[in-house]
Amino acid sequence: MFRTKKSTAATADHKVQRLKISGRTEAVASSAQQRIYMHENLYFSGSDISMYNSLVPLQIKRGLVSIEHIRLSLVSLIQQHTVLRTAIRYNPTRNQIEQNIQPLTEDTYSFQHSRGVSTLEQLDRLLTNESIGKYFDIEDGKVLRCHVVQRSADDHNDLLHEGDLIIFVVHHIAFDLSSYKPFLKAFERACWASEYQQSVLTIPQYIDFALYEQALLADTSVESKMNKARRFWANLMYGYDWDRIRHLVPDEGQTDRHHSGRGYSTAFIIDQDVVDAMMLFASTNNVTMFSLSLACYYAFLFKLTNHDDDLCVVSSAANRPEKELQDMIGMFVNLLLYRIKIEPNTTFKHLVQQVQQLSSEILVHASLPYQQIIDSQGKRENNVLPSTFFQYEPLILSITQKNSIELTVSEGSVVSGYYDRDLNHQSGISRFDISLTILHDHHMRSTECFLNCSADIFKHQNDVDLLSKRFQHILTQLFSFSMLQESIHKLTIHLPSEQISLSDSNNTQLFSPDPSTHSIGKSSTIEQQMSMSEASMFWLDTLHGCKLDQPLSLSFDRYRLSNEHRTGHGTSISFDFGQDLSHHFLTHASSNNISLEHLTFAIYFIFLFKLTNGQTDLCIALNINNNRYRDELKSSIGLFENVIPLRCQLDPHWSFHHSLEHIEEITTNSMKYSYFPLQHILNQHPHISKHAFLDTSLEFIPYKSNTTMMIGDSQLVPATSQFNINEDETLIGSSLMFSKVVAKQTEDQLSSYSKAGQIAQEVFSSLRTVLSFNGSQLQQKQYEKELKLNEWYTVRKDAAFGAFFGWLFFVNFLVYSIGFTFGSILMSDGNHRTLTISDILVFRFADHIDLVLMITALCFMLGDVVCALATIILFGRITGLFATTQFAVDCDNQYQNSVSAVINNTACPFGIDLNPLNYDRIHKLCHYDNKTISTTLAPLTPLFHENVMHLVYLFFGFSILTFICAVLEYIFWTIAAKRQTSRMSVLLFRSLIQRVSEYIF
């Protein structure tokens, strides 16, 4: 069964190692076991789910099988394969992780029987729970679980029927994907144990592989397989920034050793045309589908990480090079690092060739364990967890995905693999930030992909679905004829729906047929029709390598405050150039045929260059006030402002004229794509949390005097005024103040409710003690006291609400009053008076009827306030009465039978009175006379209903009065205001006609 060829020496001190049956029960854990043990304890120890469960679900296809037969077969399987009862522990004495084969007991495995799982939803939920449940204890050797499921709830016998399930769950530390077939064959043999039973000493065990691996690693020969691999990996990973491998999206608040383990996954099938193009490309260029698929993944990550040119992806290898290992159950998978550097103008074809060469070299040295690879870079103590994972499977290797494998477990009983969905790729867990698995069937010419993303980074399922669509879009671009010879920098990760093409069609369907919304709808439609892909590529190239988070290095800015400590206050200074400097400024611009705007930008950049002591790479924020980039927008009303980054890379040796030409060029190009929203530009750099370039801004505002408007012979000129009533700040400030008051009262209200609830809970939980010491009256008073406080807090909170809404109305009407007053002053000012209007009179336009209406409305307003306060007080009285009465009712109901004839103590120690609860314990200590005593709870008053209904009638009456007052108040105020505004409009119109007529005649 083992290799029998003799060892041959490659060198004088190098001999070939081979696998031997050792018969040992203790040894150092294999590298794969050590890696999983460390990652599970360092990164996922705080997770509420299991990260390393491997699921093998089987279904009864024909016949009947006994559940006890399944259990006994499982025991035989564990007995034959010691890896299924091997404990993995850390030995502090030897400072190493060791494996220890445990004796077979009932605690070595888990066995469960369920019935009544009839629907597919129930079965799907059960399988999901099995794939993420924490059932194992690897330090005690418990790594295997069997769950038999009877679909029918009526089966109460010990037999599994057709359609029932046998679910095996194995911890990944003892099981990998290549172990499926050996495991099922071993289980089938265990079902016929009397015929196929073998001694454990004659079967190679996983512990023997661990010893064989340690012997390979311990070989000190220079030309040994492991030492060659160490040199290769050290050279490949030299100079790599290992912080990149930990997280795809940098997050200062995220620590390396805290992962929830949860993830979102999505499955999708690549378009058939793309699959055909991929297979044609692979055959014509003599590359493997693995290398081609990995190159596609690199291109996707390159665009996703904003052109990160040093990418490292981890992949797995079966790591079963020896024939003796092919049929062994255990964990052999090794992780391999695929690092690639992308040049600035790399084409996709060149990238595929790079990956093909790298893959060939890595496969030669794939046997070096992952810990040894990171140890060559001094990172083993961190046990770095990779960030991006890639797996390519030329066929669907998991046998549970097809029903082609059948096992005969007893006479006439056959089981087969159960497949409903791929639980290995869609289990809701994620060990890596992004994991892509590609399943390619060469014969069917189909490719299915599974994208799995960590929930620590991607917060929603929609984000993962969008990511999968973007990957498919990258594939579509890569295998179009025009992109094969183009640089991958020209790829776009944005979907066609995000790259709304420029349309010159005039048959634009507006969002709203309402003419009043015509301008807004047209503006939104035109903005969506602008070409965003070209602008996106421009800003990516322009800001490539720019340190947007680095502020200007000012010599006097050593003590720059962080954002949270800034006050927002500033100092502004205005100045003019003077006549001579302005003349030279205009002369230079006209003589060099350059605009004043570009000349201003050039001077500002040179000023910053000198101010920062020669900083050559400058980036500032440019304010675009009139971003109407199309003729259709010039007549539209709306907000068209934007902010764009303006980057200038100066050379200290340039002349002013050369610098001016350079700044003119970059400004012109930036203005061309100024319609691209700032938020989209910032989203292209997700790794930057603080955009310091926004702290330095520049705005060029040309002065235009053609803002006059003629009406007949009259000329209207816009005027400026310093009169400013900031109603928004007033309302925001008042809202903040009232919100704090309401929050404080609500907090006190909840606190009093909580204290009252605690009193009730304490009384009911220790009611015998309370009654023994005659404390019911005291507890009831404390309970009522807390409810009274709650009633007062409620009144104050509602009063704050009323005051706040009253304040809103007051500010609103105050602004109207000031406006009316100021308008009356303006109308009465001037040399031409045609109307006799008082200078300041708030109710100038009100007649006697309006005054009566306003006074009546004011009366109803006061009535509304009084009724509202009355309803609040009555509501508090009613709720307080119910609460306090219910407390006594509960106590009385629980102990209504506690009345009995006892002897009253007239001379008991400590002044304690006898009652039914303490009589048995202390009556012998007292001198007493015959007397009947009862519970200390006060009886309920029979007038409770009458008292409550009296308050309810009052509450209902005041509610009706509040409604009537509010309605009449609104009606009268509205009528009075409408009458005055109509009259004011008529008078204003008449005044304008009279004034204009004087100029005409």
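A surface patch of nonpolar residues is a good place to begin: Phe 956, Ile 960, Leu 961, Phe 963, Ile 964, Val 967, Tyr 970, Ile 971 and Ile 975 together offer about 870 Å² of accessible area. Patch members have over 30% relative accessible area and no salt bridge, with nonpolar side chains joined within 5 Å; areas follow the Shrake-Rupley method with a 1.4 Å probe, and a salt bridge places a Lys or Arg side-chain nitrogen within 4 Å of an Asp or Glu carboxyl oxygen. The model is predicted, with local features needing pLDDT of at least 70 and side-chain atom pairs 80 or more, while totals for chains, interfaces and linings use all residues. Residues are numbered from 1 along each chain, and side-chain values use heavy atoms, without hydrogens or water.

Within this patch, Ile 971 belongs to helix 24 (residues 944-1000), helices being DSSP runs (H or I) of at least four residues. Ile 971 is partly exposed at 36% relative accessible area, a class lying between buried (under 20%) and exposed (over 50%).

Turning to the interior, the largest nonpolar core holds 135 residues, with Ile 166, Phe 183, Trp 233, Phe 348 and Phe 479 having the most contacts inside it. Such a core joins buried Ala, Val, Leu, Ile, Met, Phe, Trp, Tyr and Cys residues through side-chain atoms within 4.5 Å. Helix 9 (residues 289-304) gives the largest share, 12 residues. Because domain 1 (26-203) and domain 2 (213-241 + 259-408 + 420-493) both contribute, this core lies between them; the bounds come from an automatic or database domain assignment. A second, separate core of 38 residues includes Phe 538 and Trp 539.

Terms used
Patches are made of residues with over 30% relative accessible area and no salt bridge: like charges are joined within 9 Å, nonpolar side chains (Val, Leu, Ile, Met, Phe, Trp, Tyr) within 5 Å. Helices (H or I, at least four residues) and strands (E, at least two) are DSSP runs, numbered from the N terminus. Buried means under 20% relative accessible area, exposed over 50%, partly exposed in between (1.4 Å probe, protein chains only).
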